[in-house]
Amino acid sequence: MRERWTVGVFCALAALCAALLTGCQSPSGLAGGDGGGNGNGNGGVNGGTTGRLGGEGASGSAPGAVRPSGYGAVFLAIDECSSFGTVSFTEVPCGSERAAARVVAREDGRAEDGPPCPATTDFVLHISEQRPSADEDGDGTVPQGYACMRKLQPPHPGDPGGGGGPRTIVGDCVYDAGSGKVRETACDGTGKKKPQFEVVEAVAARADCPASTALYVRLGGERPVGCARPL
């Protein structure tokens, strides 16, 4: 109201003092600036928070306005990126020099209770529940969940034979860790342990494995049995 009142007074004075002045225009047609709105996405793990700028072409913020792409209601949603680290990390723009990995799947709850990550996931970020003063959707909470991550740059430990990742898949190599357990290691021998077996097939039951199978490896999923041959 202050701006309109000032313009109105100016118009009145101008009409009285200048006969040639026929009128004044109201400021209703002001340009909207450069069109870069701010979308502040907050959230984190171990106290980390991240504030982020909106995408190109985002209009000025208004009540009920849609948030710019990449700054939604979920911390570390699919296709968003995290900084380096698996214990302490923040969400960062994927074009940032701090970006290390991209989210390929995102689930609520604990990883032990939820759906498995995609086969070539490099690592999993476990997100503890937090209640910061402000978060990405403004409700004051970041729920417990987990994000399945794929590194932006190689090497990819989640690839077949890569020697890591949260899942064992066809093409991976393992060694006998004792007590009836096996652990994954790099097939090219660059890991701390030499590979002893390679998973060559995934089947529904042990009876479906080929005759050359020397070890059965638990894989999970629809075909939970891995048929491994000695190297």
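In which loop does serine 179 lie? Select serine 179 to find out: this residue sits in the loop between β6 and β7 (181-185). Keep in mind as you click around that this is a predicted model.

**Stop 1: serine 179**

While serine 179 is selected, check its backbone torsions. Phi is near 60°, a positive value in a residue other than glycine. Now turn on a surface: serine 179 is exposed, because its relative accessible area is 77%, and the cut-off for exposed is over 50%.

**Stop 2: leucine 76**

Next, select leucine 76, in the loop between α1 (2-17) and β1 (81-83). Leucine 76 is not a glycine either, yet its phi is positive, about 55°. Is leucine 76 buried or exposed? Its relative accessibility is 0%, so leucine 76 counts as buried; the cut-off for buried is under 20%.

**Stop 3: the largest nonpolar core**

Leave leucine 76 on screen and add its partners. The largest nonpolar core has 10 residues in all: Phe75, Leu76, Phe89, Ala101, Val103, Phe123, Leu125, Ile127, Ala147 and Met149. Colour the strands β3 (99-108), β4 (123-127) and β5 (145-151), the elements that each give two or more residues to this core. Which of them gives the largest share? That is β4, with 3 residues.

Then move on to a second, separate core of 7 residues. Good ones to select are Phe197, Val199, Val217 and Ala228, which are among them. Remember Val217, as you will meet this residue again shortly.

**Stop 4: a cis peptide bond**

Now go to proline 154 and proline 155 and show the backbone as sticks. The peptide bond joining these two prolines is cis, with omega about 5°. Proline 155 belongs to the loop between β5 and β6 (173-178).

**Stop 5: the largest pocket**

For the last stop, display the largest pocket, which holds about 360 Å³ of space. How many residues line it? The lining has 15 residues, and those nearest the pocket centre are Thr168, Val182, Val217, Arg218 and Leu219. Here is Val217 once more, a residue of the second core that also lines this pocket.

Highlight β7 and β9 (215-218) next: these are the elements that give two or more residues to the lining. Finally, colour the lining by residue class, and you should find 7 nonpolar, 3 polar and 5 charged residues.

Definitions and conventions. Residues numbered from 1 in each chain as written. Predicted model: local features only at pLDDT ≥ 70, side-chain atom pairs only at ≥ 80, totals over all residues. Heavy atoms only, no water. Core = buried A, V, L, I, M, F, W, Y, C linked by side-chain atoms within 4.5 Å. Buried < 20%, exposed > 50% of the residue type's maximum accessible area, 1.4 Å probe, protein only. Helix = DSSP H or I, 4+ residues; strand = E, 2+ residues; numbered from the N terminus. 1 Å grid on protein atoms, 1.4 Å probe; cavity = no way out; pocket = protein on both sides within 12 Å on 5 of 7 lines; lining within 4 Å. Points joined across faces, edges and corners; volume = space filled by probe spheres on them. Nonpolar A, V, L, I, M, F, W, Y, C, P; charged D, E, K, R; others polar.
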